[in-house]
Amino acid sequence: MDFLSLDLLLSERDRVVRDAARSFARTHIAPVIEEHAEKAEFPHHLLPKIGALGFSGGVLKGYGCPGLSALQTGLYAMEFAKESADLGTFILLQIITMTPILKCGSEEQKQKYLSSMAKLEKIGCFCLTEPEAGSDATSLKTTATKVEGGWLLDGEKRWIGNGTFADVAVVWARDSKTGKINGFIVEPKTIKEPQWSTTAIKNKVGFRAVQNAHIYMKQCFVSDAQRLPLAEDFATGPGACLHFTRLLAGFIAVGVAWGAGEKCLAYAKTRKQFGKPLAKLQIIQERLVKVTANLQSMFLMCYRGALLYDENKLSFGQVGMIKSYNTLRGREVVAMCRELVGGNGLLGLSGVGRAFTDMEEN
């Protein structure tokens, strides 16, 4: 559905990354994701293959990370999201967990975690959101209390992607003495209940394969060596790590919408009513034009944002606008596609119905 020849904007290297991600998504993700989404299970068996692509970590550089451009990282996530918003989001979750270790961590922490996370040998989760602190993340209530040799973490985190199976968790907590927000690296699989426990959030209508967790911490001890030394407050901690992931969320919205558009167009060309394919009906064509136009504008927003990011010129206002615009237009696209596919769009196997619900959570 590249009506404006957007492919011409890409470099040869951009296309190599895009084509590798596209081929992987069509070959390995598309055949299995519906079953996993239906069962609300994550396709763990794909992780070694995804790691072998060599793209995990995206824009992050050094310590075994690929150092892709912002555009290449966005294309990687976008192509995965065309087949599965869950796997597109997984890319984002891994990057957002690795980012504070790279930006705020000690040399020892970077050496210990980043290479294995870039290979997907260790999976991460970013623990910021709480039951009473969603968009207002600065009001988080989880506390970190200094004790001999380390810190005790107390509180709850909610909607934490990968939270049920992560090897590495970056936890944001308020220093009980200074009131400032600090970051800590926790290895959940080495900590017993009740210090650290998780429950999976059930009955989601979208992102069903993403394993969102409610995490409970009760006197959870972490050593001084696990504190992120350069995360001194919200601005230098989580605030400094969310910038690129907002742009990546915009790319994922493009992918989810584009995938729905492609499936809808293919359906309209083959589904016959009144003696001809739906695509021959003018009312259907009018909707497909709107879908296509939205997709072009959504991609161009991300394209420009990616170039600005690599030039260190992308502002928080600009990236916020890109994410807001793309999720809004994306919702329009998947709604029109769901309508055009008719009753069959309610079936998961169409891919369109899944895109419709996934876009609500993007």
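Me: In this predicted model, a helix is a DSSP run of H or I of at least four residues, numbered from the N terminus. Where does Leu9 sit relative to helix H1?

Reply: Leu9 lies in the segment before helix H1, which covers 12-39.

Me: Why is Leu9 called partly exposed?

Reply: Its relative accessibility is 36%. Buried means under 20% and exposed means over 50%. The value for Leu9 falls in between, so Leu9 counts as partly exposed.

Me: What makes Leu9 eligible for a surface patch?

Reply: A patch residue needs over 30% relative accessible area and no salt bridge. Leu9, at 36%, passes the area cut-off. Leu9 belongs to a nonpolar surface patch with Phe3, Leu4 and Leu300. Together these residues have about 410 Å² of accessible area.

Me: How do you know that Asp7 and Arg15 form a salt bridge?

Reply: The closest N and O atoms of the pair are 3.1 Å apart. The rule asks for within 4 Å, so the pair qualifies. Side chains of opposite charge can pair when their charged atoms come close.

Me: Buried or exposed: how are Asp7 and Arg15 classed?

Reply: Neither label fits. Asp7 has 26% relative accessibility and is therefore partly exposed. Arg15 has 24% and gets the label partly exposed too.

Me: Which residues make up the salt-bridge network that holds Asp7?

Reply: The network links Asp7, Arg15, Arg18 and Asp19. By the rule used here, the structure has 18 salt bridges.

Me: What makes Glu35 and Lys39 a salt bridge?

Reply: Their N to O distance is 3.1 Å. That is within 4 Å, so the pair meets the rule. Both residues lie in helix H1, four residues apart, or about one turn of the helix. Glu35 is partly exposed, with a relative accessible area of 48%. Lys39 is partly exposed as well, with 48% relative accessibility.

Me: Why does the pair Glu311 and Lys313 count as a salt bridge?

Reply: The N to O distance is 3.9 Å. The cut-off is 4 Å, so the pair is within it.

Me: Why do Glu311 and Lys313 get their exposure labels?

Reply: Exposed means over 50%. Lys313 has 55% relative accessibility and so is exposed. Glu311 has 44% and so is partly exposed.

Me: What is notable about phi at Tyr63?

Reply: Tyr63 has a positive phi of about 55° although it is not a glycine. Tyr63 sits in the loop between strand E1 (61-62) and strand E2 (65-66). Its relative accessibility is 26%, so Tyr63 is partly exposed.

Me: What is phi at Phe274, and where does the residue lie?

Reply: Phi of Phe274 is near 55°, a positive value in a residue other than glycine. Phe274 lies in the loop between strand E10 (272-273) and strand E11 (276-277).

Me: Why is Phe274 called exposed?

Reply: Its relative accessibility is 76%. The cut-off is over 50%, so the label exposed follows.

Me: What is the omega of the peptide bond from Glu193 to Pro194?

Reply: Omega is near 5°, and the bond is cis. Pro194 is in the loop between strand E7 (181-186) and strand E8 (196-200).

Me: How many cavities of 30 Å³ or more does the structure hold?

Reply: It holds two. The largest cavity has about 80 Å³ of space, and the second largest has about 40 Å³.

Me: What lines the largest cavity?

Reply: There are 13 lining residues, with Ala81, Lys82, Gly351, Arg354 and Ala355 nearest the centre. Helix H3 (70-83), helix H6 (243-270) and helix H9 (352-361) each supply at least two of the lining residues. The largest share, four residues, comes from H6. By class, the lining has five nonpolar, three polar and five charged residues.

Me: What makes up the lining of the second largest cavity?

Reply: Among its lining residues are Ile50, Ser56, Gly57, Tyr76 and Leu120. Helix H4 (residues 85-104) gives the largest share, four residues. The lining divides into six nonpolar, three polar and no charged residues.

Me: Why is Gly57 counted as polar in that lining?

Reply: Gly is placed among the polar residues by the class rule, so Gly57, a lining residue, counts as polar.

How values were computed:
Residues are numbered from 1 along each chain as its sequence is written. This is a predicted model: local features need pLDDT of at least 70, side-chain atom pairs count only at pLDDT 80 or more; totals for chains, interfaces and linings use all residues. Side-chain values use heavy atoms; hydrogens and water are left out. Patches are made of residues with over 30% relative accessible area and no salt bridge: like charges are joined within 9 Å, nonpolar side chains (Val, Leu, Ile, Met, Phe, Trp, Tyr) within 5 Å. Accessible areas come from the Shrake-Rupley method with a 1.4 Å probe; for residues, only the protein chains shown count as cover. A salt bridge is a side-chain nitrogen of Lys or Arg within 4 Å of a carboxyl oxygen of Asp or Glu. Buried means under 20% relative accessible area, exposed over 50%, partly exposed in between (1.4 Å probe, protein chains only). On a 1 Å grid over the protein atoms alone, a cavity is a set of points where a 1.4 Å probe fits but cannot get out, and a pocket is an open set with protein on both sides within 12 Å along at least five of seven lines; lining residues have an atom within 4 Å of a point. Grid points are joined across faces, edges and corners, and a volume is the space filled by probe spheres set on the points.
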